[in-house]
Each structure stands twice: as C-alpha cells, then as structure tokens.
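Reader: I have just opened this structure for the first time. Could you walk me through it with a few questions and answers?

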Amino acid sequence: MAQKQQRTPAEDSYALGLLGQATPKFWQSYYALPEGIYITHTQSPHSLRPGDVLLTLDDQQVRSWEALLELAKQYAPGDSVRVTVFRDGSRQHLHITIHQK
C-alpha cells in the first residue's frame with residue numbers, strides 16, 4: 001500500500017497561489033503592521049499583492065502558515081474565498097480563488 005506523500009508548507013502555499021510569512025513582532029511595532037501573514041509572492045492572476053498582510057480567510061483570523069493551510073483544506077480548487085488584507089494602511093476585503101491542492 002502506497003504511503004501518502006507529505007507536502008511541505010511551501011508546496012501547500014503555492015497551491016494557495018502565494019508565499020509569505022507570519023508578520024514578525026518587530027515589523028508589527030516598527031511598521032505598524034497587524035498580526036497576520038505578510039505576503040512576499042503571488043502567482044498571477046491574483047488579487048493579493050506582495051506587501052499585503054493577510055488577516056482573515058472567510059472571517060477566520062490567520063496568524064500562522066499552519067493556521068492558513070488548515071483553513072484552506074476546507075475548500076476545493078476553484079472555490080472563491082473572502083479574505084481581509086491590510087494594504088496601504090487600511091483593511092480591504094477581497095475574494096481569491098483556491099488553486100489546485
């Protein structure tokens with residue numbers, strides 16, 4: 001019986017169409033950024049941009065990659081998900097499409 005291959009966080013994050021990291025405490029205080037996932041790279045087309053801080057996925061707060069990946073498992077490829085991001089000093093609500101898992 002074949003074992004299920006373990007996916008790395010980087011592979012899963014690309015399945016979401018983005019890469020980033022939990023916003024470091026120093027950035028939160030120095031740059032006045034909220035706690036969330038600081039986006040460093042997105043795949044096109046995507047409504048998220050590098051520099052955005054992902055705060056929620058369908059109104060559920062996201063504070064770590066692990067939490068983001070767990071929430072994303074609830075959706076199928078092609079599902080549209082409402083997200084809240086911090087961009088240019090304000091919170092914005094967007095929709096993203098879940099990519100292949």
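Reader: Is Tyr 30 buried, partly exposed or exposed?

Author: Happy to help! This is a predicted model, in which local features need pLDDT of at least 70 and side-chain atom pairs count only at pLDDT 80 or more, while totals for chains, interfaces and linings use all residues. Residues are numbered from 1 along each chain as its sequence is written, and side-chain values use heavy atoms, with hydrogens and water left out. Buried means under 20% relative accessible area, exposed over 50%, and partly exposed in between, with a 1.4 Å probe and protein chains only. Tyr 30 has 57% relative accessibility, so this residue counts as exposed.

Reader: How do the rings of Tyr 30 and Tyr 31 pair?

Author: Rings of Phe, Tyr and Trp (its six-membered ring) pair if their centres lie within 6.5 Å; planes under 30 degrees apart count as stacked, over 60 as edge-to-face and the rest as tilted. The centres of the Tyr 30 and Tyr 31 rings are 4.9 Å apart. Their planes stand at 90°, so the pair is edge-to-face.

Reader: Which residues do ring pairs link into a cluster?

Author: By the ring rule, the count comes to 3 aromatic pairs. Tyr 31 is exposed, with a relative accessible area of 51%. The cluster linked by ring pairs is made of Phe 26, Tyr 30 and Tyr 31.

Reader: Where in the chain do Trp 27 and Tyr 38 lie?

Author: Their ring centres are 4.9 Å apart with planes at 75°, so this pair is edge-to-face. Helices (H or I, at least four residues) and strands (E, at least two) are DSSP runs, numbered from the N terminus. The two residues are 11 apart and link distant parts of the chain: Trp 27 is in helix α2 (residues 25-30) and Tyr 38 in strand β2.

Reader: What pattern does the protein chain follow along the sequence?

Author: The secondary structure comes to 3 helices and 6 strands. Read in sequence order, they follow the pattern α-β-α-β-β-β-α-β-β.

Reader: Which element gives the most residues to the largest nonpolar core?

Author: A nonpolar core is a set of buried Ala, Val, Leu, Ile, Met, Phe, Trp, Tyr and Cys residues joined through side-chain atoms within 4.5 Å. The largest one has 20 residues, and those with the most contacts inside it include Leu 16, Leu 48 and Val 83. Two or more residues come from each of β2, β3, α3 (65-72), β5 and β6 (90-97). The most, 5 residues, come from α3.

Reader: How many residues apart in sequence are the parts that Arg 87 and Asp 52 tie together?

Author: A salt bridge is a side-chain nitrogen of Lys or Arg within 4 Å of a carboxyl oxygen of Asp or Glu. Arg 87 forms one with Asp 52, their closest N and O atoms being 2.7 Å apart, and both residues are buried. Arg 87 lies in strand β5 (residues 80-87) and Asp 52 in the loop between β2 (37-42) and β3 (53-57), so the parts tied together are apart in sequence by 35 residues.

Reader: Is Asp 59 buried, partly exposed or exposed?

Author: Asp 59 forms a salt bridge with Arg 82, with the closest N and O atoms 3.2 Å apart. Arg 82 is partly exposed, its relative accessible area being 30%. At 58% relative accessibility, Asp 59 counts as exposed.

Reader: How many salt bridges are there by this rule?

Author: Another one joins Glu 70 and Lys 73, with the closest N and O atoms 2.9 Å apart. By the rule, the count comes to 4 salt bridges.
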